[in-house]
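Student: I should like to learn how to read the features of a structural model in a systematic way. May we work through one together?

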Amino acid sequence: MENGAYAIELKGISKAFGPVQANRDINIAVPRGTIHGIIGENGAGKSTLMSILYGFYRADAGQILINGKPTAIPDSQSAIRAGIGMVFQHFKLVQNFTVLENVILGAEDGPMLNSSLAKARKTLAELSQEYELDVDPDALVEDLSVGHQQRVEILKALYRQADILILDEPTGVLTPAEADHLFRILKGLKAQGKTIILITHKLREIMEATDNVSVMRRGTMVDTVRTAETSPEQLAELMVGRKVLLEVEKAPASPGAVVLSVQDLRVKDEHGVERLKGVSFEIRAGEILGIAGVAGNGQSELMEALGGMIRATGAVTLKGQPLPLSGKGADGQSRRRAGIAHVPEDRHHHGLILDFTAWENMAFGYFNEPEYQKNRLLMDNAAIRADTAKKMETFDVRPPIPGLQAKSFSGGNQQKIVVAREFEQDPDLLLVGQPTRGVDIGAIEFIHKQLIALRDAGKAVLLVSVELDEIMSLSDRIAVMFDGKIMGFRDPDTTDERELGLLMAGITGKGEAA
Amino acid sequence: MDRLPRWADVALVPLVSLILAFAIAALVILAIGQDPWEAITVMVQGSVMNAYGWGYTLYYATSFMFTGLAVCVAFHASMFNIGGEGQALLGGLGVALACLFVPWPHWSLALIGATASAAAFGAVWAAIPAWLQAKRGSHIVITTIMFNYIAASLLQYLLVNTLKPVGQADPASANFPPATHLPALNDIPLLNLVFTKAVPANVTLFIALAMAVLVWVLLWHTRLGYQIRAFGKSEAGARYAGINPTFVIMVVMLISGGLAGMMAINNVMGEAERLLGNSASGAGFIGIAVALMGRNHPLGVVLAALLFGFLFQGGAELGLWTKIPIEMRIVVQGLVILFTGALDVMVRMLLVRIFALFRPRTMEAA
């Protein structure tokens, strides 16, 4: 190929953080005008590699070629000058600025803003037309939907004349419809000759949107293949290094008596805004109720209210016994005593104390358990350690060292610690939030199997996940949440992603009340 | 940031900080035209090279152990209690009231009674800021430091208007009755073979050491300690686990205030044997440095308290035997606090880099 046929070439990139080799001799070549996927498990080194490309880290060894020219990228300003734009997973927007102000932030022409704003307004209008990127330039960012905020990030990069766009897990916060729109935008950009790097862990998106895909595993680049010539199964195997079961095997549910009954549950946040607007449902023994929805539509509040973390109003009964929703008895300890186990959505802030050891975390929430006490005064730390060692073995937590701090485990193994703790409590009701967020494929497979096993053992399970695939493959019934309400219930065998996606966006198809 | 091996974290970082602090103190002494070597010799001679010096060093260290433990306990719940000074002053009031108004038959009973009273007074003084923090969100750092001033004023008022015996000029309480006299180390059989001269260090030292052990048991071997540490590491996590924040904040501050208050049995009951206006004399603040340097571990607190006891006694010797003013001990203390507390990260990063030079890069990516 002629010199410069590749927008980006990375040659022999290595980067170590202390003893951890995050990237080892990475070689990758991205042809100009293509969408290139980078896929890999958590901690495979994708983010490190992109951070090197964007100037956040400096590689220990190796060379970066942009359009065939060796380029040093010591900081993000140099990356922008080299024509690289980055759209982060967590947007870097000023919430109370307008779209226009956000776009010029850091790219102003001079101390006075008016000329910059006028120029930006013109450029933005052109860009919006060209790429289906319409956003109201005068809208405040805080008033925009997540999908629109992401477009502002893309516009920011394009305004800085980016030819190479890196998107880090761009669809994590989007509805399926918004994700589809994003991929249309990306294809439009590609048609205009832009080069796009898409980092994701969703195999479906790779298959749908990319031309080529590079697979990373444990800091190395395992393979780069043409998307058209590969399959999800092959990619999963490359990522994990062994064959992986993508489908969840489960027998039909045989629901028993009602375990949890929720009537008109409402939650207000600290500003008095109603986040949960009257939710009602039942879960039976031996049944998984999956809650689908875009993050931030009341799922977290539902879980936290049932888990005793926040106050709510309404009527909730567990096996016929009313659960207090505020005041005395509405706390995590009372809920655990009542027979509710809770795998929280956010394991870093809620599920674990990262500075605590694995064994201390195994007693988290269960420090009052009689088998963990030596006598009335002292805890039996040795008993907790022994119990932890046993559970770590059962749930295949690696490394199986009870004395290791939680933060030293990988995301998947951290989640296994939480899951081991909660699943082994023999609860009547299990609240499970985002059980596989940031968890590698191998661990996902394991956690899903355990969840099905609990259902088959007659537990009632409430599953909240933003991964529609997960909801569809695990649930016996699906409830879709939007704006603090349940939009409807669906049977996973008769519904599809399209229908659920519309419900997730607040559009009801069958005449149900919104 | 990379992490240091445990031994370096626990021992090397404080040691390097300390050496840096002393190096700069030496420069200050040079700058005022004195001999740093002479200074360190006098300090060491006067504080740890003979039993008499130890009698003072241990006396100061006892006070610092109490206030250091007070900061340490609260710190594990993420509560920065810098009101140890005020709580110790109130503890002194508790000791004085117990000693003056209860006819104790024997010093041992007086010790138990005065200890309980001191702890109760200190705890009550910490309870108000704790309640304001738990229920009203008033920041504990602000309120506890304000309570130091309130405590000082309250004590002055009571000494001048209520506790001062008629006809006495200085604002102090009456002398405590002889039955409340605590045995100094030179009064204790066997120990009196070592401590031949009268020293201020007294039986309170053993209470302080016992408290260090109890704090260790509390924090790492009880459900309460587990809840304190969990709450301190992650308030959001505590909410998930069902740990009651109000309960933890109140209990930990009561314990912390109680420990700070108990310091008064060392200085008020054990040494002065009457209540003076400025009885805590800064030990409450030194407790912060002691806890910082002791890495908020009871054993570390005991060792750091000994170091500060040495600085206090050695500094006094400087004022006595050299032309270096006694205030130099405040300079040295300040430098030690600066380096072990505020500049801790600087030293740590330096050591991390040095360690990285000697470490083979072999481990696999996670």
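Tutor: Certainly; please keep in mind that this is a predicted model.

Student: Which residues have the most contacts inside the largest nonpolar core, and how many residues does this core have?

Tutor: A nonpolar core is a set of buried nonpolar residues joined through C-beta atoms within 7 Å. Here the largest one has 255 residues, and A:Ile166, A:Val480 and B:Leu69 have the most contacts inside it. Helix α3 of chain B, residues 51–76, is the element that gives the most to this core, with 15 residues.

Student: Where does this core lie with respect to domain 1 and domain 2 of chain A?

Tutor: The core lies between them, because domain 1 (6–240) and domain 2 (258–353 + 426–504) of chain A both give residues to it.

Student: What does B:Leu69 touch, leaving aside residues up to four places away in sequence?

Tutor: With those left out, B:Leu69 touches B:Met211, B:Ala212 and B:Val215, and also B:Leu259, B:Pro298 and B:Val301.

Student: How should I read the two domains of chain A themselves?

Tutor: Begin with their separation, then turn to their contact. The centres of domain 1 and domain 2 of chain A, taken over C-alpha atoms, are 33 Å apart. In the contact, 9 residues of domain 1 meet 11 residues of domain 2. On the domain 1 side, α6 (176–191) and α8 (232–240) of chain A each supply at least two residues, and α8(A) gives the most, with 3 residues. By class, this side of domain 1 has 6 nonpolar, 2 polar and 1 charged residues.

Student: How many residues does each chain bring to the contact between chain A and chain B?

Tutor: The size of an interface is often given as the accessible area lost when the parts come together. Here we have residue counts: 36 residues come from chain A and 24 residues from chain B. On the chain B side, α9 (223–233) and α10 (235–241) each supply at least two residues. That side of chain B divides into 9 nonpolar, 8 polar and 7 charged residues.

Student: What does the radius of gyration say about chain A?

Tutor: The value is read against that of a compact globule. For 514 residues, such a globule would have a radius of gyration near 24 Å, and the 25 Å of chain A agrees with this. The C-alpha atoms of chain A fill a box of roughly 70 × 50 × 45 Å along the principal axes.

Student: Which further figures describe the fold of chain A?

Tutor: Chain A has 17 helices and 20 strands, and buried residues make up 46% of its 514 residues. Among contacts in chain A with a separation of 6 or more, 66% are between residues 24 or more positions apart.

Methods
Residues are numbered from 1 along each chain as its sequence is written. Chains are lettered from A and ligands numbered from 1 in the order in which they are written. This is a predicted model: local features need pLDDT of at least 70, side-chain atom pairs count only at pLDDT 80 or more; totals for chains, interfaces and linings use all residues. Domain bounds come from an automatic or database domain assignment. Two residues are in contact if their C-beta atoms, placed from the backbone, lie within 7 Å. Helices (H or I, at least four residues) and strands (E, at least two) are DSSP runs, numbered from the N terminus. Ala, Val, Leu, Ile, Met, Phe, Trp, Tyr, Cys and Pro count as nonpolar, Asp, Glu, Lys and Arg as charged, and the others, Gly among them, as polar. A residue is buried if 20 or more other C-beta atoms lie within 10 Å of its own, exposed if 12 or fewer, and partly exposed in between; C-beta atoms are placed from the backbone. The radius of gyration is taken over C-alpha atoms; the globule rule is 2.2 Å times the number of residues to the power 0.38.
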